[in-house]
Amino acid sequence: MAQVSKETTIGELLRIDPNCAAILMRMGMHCIGCPSSQMESLEEAAMVHGFDADILVQQINDFLAQ
């Protein structure tokens with residue numbers, strides 16, 4: 001089972017499971033296809049979009065565990 005951390009980049013996450021894009025979109029990250037966002041960590045993305053990175057990582061890891 002794959003797991004991510006706050007240091008995982010958006011690009012890495014989408015390579016692990018492209019279906020995680022739906023989680024990011026629900027959090028308001030509509031720019032996930034942007035080339036520069038691919039190098040952004042989940043922690044950086046959470047900070048820019050004003051939400052808790054720990055909650056985002058937990059939601060993604062819960063999804064990946066299914």
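Biologist: Which residues have the most contacts inside the largest nonpolar core?
Modeller: This is a predicted model: local features need pLDDT of at least 70, side-chain atom pairs count only at pLDDT 80 or more, and totals for chains, interfaces and linings use all residues. Residues are numbered from 1 along each chain as its sequence is written, and side-chain values use heavy atoms, leaving out hydrogens and water. A nonpolar core is a set of buried Ala, Val, Leu, Ile, Met, Phe, Trp, Tyr and Cys residues joined through side-chain atoms within 4.5 Å, where buried means under 20% relative accessible area, exposed over 50%, and partly exposed in between (1.4 Å probe, protein chains only). The largest core holds 19 residues, and those with the most contacts inside it are Leu24, Leu42 and Ile60.

Biologist: Which helix gives the most to this core?
Modeller: Helices (H or I, at least four residues) and strands (E, at least two) are DSSP runs, numbered from the N terminus. The elements that give two or more residues to the core are helix H1 (10–16), helix H2 (21–26), helix H3 (42–49) and helix H4 (53–65). With five residues, the element that gives the most is H4.

Biologist: With which residues is Ile60 in contact, leaving aside its neighbours within four places in sequence?
Modeller: Contact means heavy atoms within 4.5 Å. One partner of Ile60 is Cys20, which counts as buried at 0% relative accessibility. The full set for Ile60 is Val4, Leu13, Cys20, Ile23, Leu24 and Leu42.

Biologist: How many disulfides does the structure hold?
Modeller: A disulfide is a pair of cysteine sulfur atoms within 2.5 Å. Cys20 is buried, while Cys34 is partly exposed, at 31% relative accessible area. The number of disulfides is zero.

Biologist: Why do Leu42, Ala45 and Ala46 count as lying on the same side of H3?
Modeller: These three residues of H3 are buried. The arc is taken from the directions that run from the helix axis to the C-beta atoms. An α-helix has 3.6 residues a turn, so residues three or four places apart point the same way. The three lie on the same side of H3 because they cover an arc of only 100 degrees.

Biologist: Which exposed residues sit on the face of H3 turned away from its buried side?
Modeller: What covers the buried residues of H3 includes H1, H2 and H4. The face turned away from that buried side carries Met47 and Val48.

Biologist: What is the phi of Gly50, the residue after H3?
Modeller: Gly50 is found in the loop between H3 and H4. Gly50 is exposed, with a relative accessible area of 66%. Its C-alpha atom is 18 Å from that of Met39, 11 residues away along the chain. The phi of Gly50 is positive, near 75 degrees.

Biologist: Phe51 is in the loop between H3 and H4; is it buried or exposed?
Modeller: Leaving aside neighbours within four places in sequence, Phe51 is in contact with Met27, Met29, Ala45, Ala46 and Leu56. From C-alpha to C-alpha, Phe51 and Gly28 are 9.7 Å apart, at a separation of 23 residues in sequence. At 16% relative accessibility, Phe51 counts as buried.

Biologist: Which residues are linked in a network of salt bridges?
Modeller: A salt bridge is a side-chain nitrogen of Lys or Arg within 4 Å of a carboxyl oxygen of Asp or Glu, and the whole structure has two. Glu43 meets Lys6 at 3.9 Å, N to O; Glu43 is in helix H3 and Lys6 in the segment before H1, 37 residues apart. Lys6 also pairs with Asp54, with the closest N and O atoms 3.4 Å apart. The network links Lys6, Glu43 and Asp54.

Biologist: How many residues apart in sequence are the parts tied together by Lys6 and Asp54?
Modeller: Lys6 is partly exposed, at 26%, and Asp54 is partly exposed too, at 47%. Lys6 lies in the segment before H1 and Asp54 in helix H4, so the pair ties together parts whose separation in sequence is 48 residues.

Biologist: Which residues does Asn61 contact beyond its neighbours within four places in sequence?
Modeller: Asn61 lies in helix H4. Asn61 is buried, with a relative accessible area of 10%. Its contacts are Ala2, Gln3 and Val4.

Biologist: What feature does UniProt place at residues 5–57?
Modeller: Over that stretch the chain is 49% helix and 0% strand, with the end C-alpha atoms 6 Å apart. UniProt positions follow the numbering used here, feature names are shortened, and annotations may be inferred rather than shown by experiment. The unreviewed UniProt entry gives the feature as "domain: DUF1858".
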